[in-house]
Amino acid sequence: MSETFHTVSDVMTRTVVAVGRDASFKELVQTLGQWQVSAMPVLEGEGRVIGVVSEADLLPKEEFRDSDPDRFQQLRRLPDLAKAGALTAEELMSSPAVTVHPDATLAEAARIMAVRRVKRLPVVDTEGKLLGIVSRGDLLKVFLRSDRDIEEEVHRTVATCLLPGTSVHVRVREGVVTLGGQLRDTTLIPVVARLARAVEGVVDVECHFRGVGRDEAERTA
């Protein structure tokens, strides 16, 4: 059986390159290049995350290196101009850092990334200390679950628990769950579909249930 992913701690990268707040501009460029990452946490003390510095934070120094922006552009690009003159991680980083806890669900992490428009999240404990990092690619690992694993979980958590005694057929192909059979209460179909869609690794859900007539329901009761 393949590995099942449910929380950020299941998919995060635990070996993380990070820098201190006093790291120089050149050190930042060298570290990003050496480790082939596009961003990294900035730490203080015993590993508490205070910010994140990315390639985007470093680019203004090159962009404004030989330019003389007019007053309008200066007012419009004040944050970038400040970063163009920055020399340390503390001056360059985005702070406070957008972080996530290890017990957060993958859906919660995905929503944070979408709303805050970030590509990765430092994973921290209750004291804000770095535990790992989770990226968009890490969150997509959930879709590597085998069809068999998904089928077993859908059958166990949805069909058996919600619809005991009902003949429900579950089939999964390429992550798409197809549910079928006969239901006495067809108003449950949206609930069944929503619960199946909540199973990690499910790409989509298709329902092909048939209602059971009153006479037939009495015969099968």
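Good morning. I begin with Arg117, which counts as exposed because its relative accessibility is 77%. The structure under discussion is a predicted model, and Arg117 is a convenient place to enter it. The residue sits in the loop between α7 and β4. Its phi is near 55°, a positive value in a residue other than glycine. In terms of the chain path, this positive phi comes just after α7.

There is a second residue of this kind. Gln36 also has a phi near 55°, again positive and again in a residue other than glycine. Gln36 belongs to the loop between α2 and β2, the latter being residues 39-44. With a relative accessibility of 73%, Gln36 is counted as exposed.

Let me now place these residues in the chain as a whole. The protein chain contains eleven helices and eight strands. Of its 221 residues, 37% are buried. If one takes the contacts between residues at least 6 apart in sequence, 59% of them join residues at least 24 apart.

I return to α7, the helix that precedes Arg117. Helix α7 covers residues 106-116, and its buried residues are Leu106, Ala109 and Met113. Viewed down the axis of α7, these buried residues fall within an arc of 65°, so they line one face of the helix. On the other side of α7, the exposed residues are Arg111, Ala114 and Val115. What lies over the buried residues? The cover of the buried residues of α7 includes α1 (8-11), β4 (120-124), β5 (130-135) and α8 (136-139).

Two further loop positions deserve a remark here. On the N-terminal side of α7, Pro96 lies in the loop between α6 (89-92) and α7. The peptide bond from Ser95 to Pro96 is cis, with omega near 0°. The other position is Glu127, found in the loop between β4 and β5. Glu127 is exposed, at a relative accessible area of 51%; the cut-off for exposed is over 50%. How far apart are Glu127 and Val49 in sequence and in space? They are separated by 78 residues in sequence, while their C-alpha atoms are 9.4 Å apart in space.

I turn next to α3, residues 55-63. The buried residues of this helix are Asp57, Leu58 and Pro60. They cover an arc of only 140° around the axis, which puts them on the same side of α3. The face turned away from that buried side carries the exposed residues Ala56 and Leu59.

Helix α3 also packs against α2, the helix that comes before the loop holding Gln36. The axes of α2 (residues 25-35) and α3 come within 11 Å and cross at roughly 125°. The two helices are therefore oblique to each other. As for handedness, α2 passes α3 in a left-handed crossing. On the α2 side, the contact is made by Phe25, Leu28, Val29 and Leu32, and on the α3 side by Glu55, Leu58 and Lys61. By class, this contact has five nonpolar, no polar and two charged residues. Leu58 thus appears twice in this account: among the buried residues of α3, and in the contact with α2.

The last pair is α9 and α10. Helix α9 comprises residues 147-162 and helix α10 residues 189-197; their axes come within 9 Å and cross at roughly 155°. That crossing angle makes α9 roughly antiparallel to α10, since angles over 145 degrees are counted in that way. Is the crossing left-handed or right-handed? Helix α9 passes α10 in a right-handed crossing. From α9, the residues in contact are Val154, Val158 and Leu162, and they meet Val191, Val192, Leu195 and Ala196 in α10. The classes here are seven nonpolar, no polar and no charged residues.

To set the two pairs side by side: the α2 and α3 crossing is left-handed, whereas that of α9 and α10 is right-handed. The contact of α2 with α3 includes two charged residues, while the contact of α9 with α10 has no charged residues.

I close where I began, with Arg117, an exposed residue in the loop that leads from α7 to β4. Thank you for your attention.

Key. Residues numbered from 1 in each chain as written. Predicted model: local features only at pLDDT ≥ 70, side-chain atom pairs only at ≥ 80, totals over all residues. Heavy atoms only, no water. Axes fitted to C-alpha atoms, helices over the stretch in contact; angles between N-to-C directions. Helix = DSSP H or I, 4+ residues; strand = E, 2+ residues; numbered from the N terminus. Parallel < 35°, antiparallel > 145°, perpendicular 65-115°, else oblique. Left-handed = near helix turned anticlockwise from the far one by under 90°. Contact = heavy atoms within 4.5 Å. Nonpolar A, V, L, I, M, F, W, Y, C, P; charged D, E, K, R; others polar. Buried < 20%, exposed > 50% of the residue type's maximum accessible area, 1.4 Å probe, protein only. Arc of directions from axis to C-beta.
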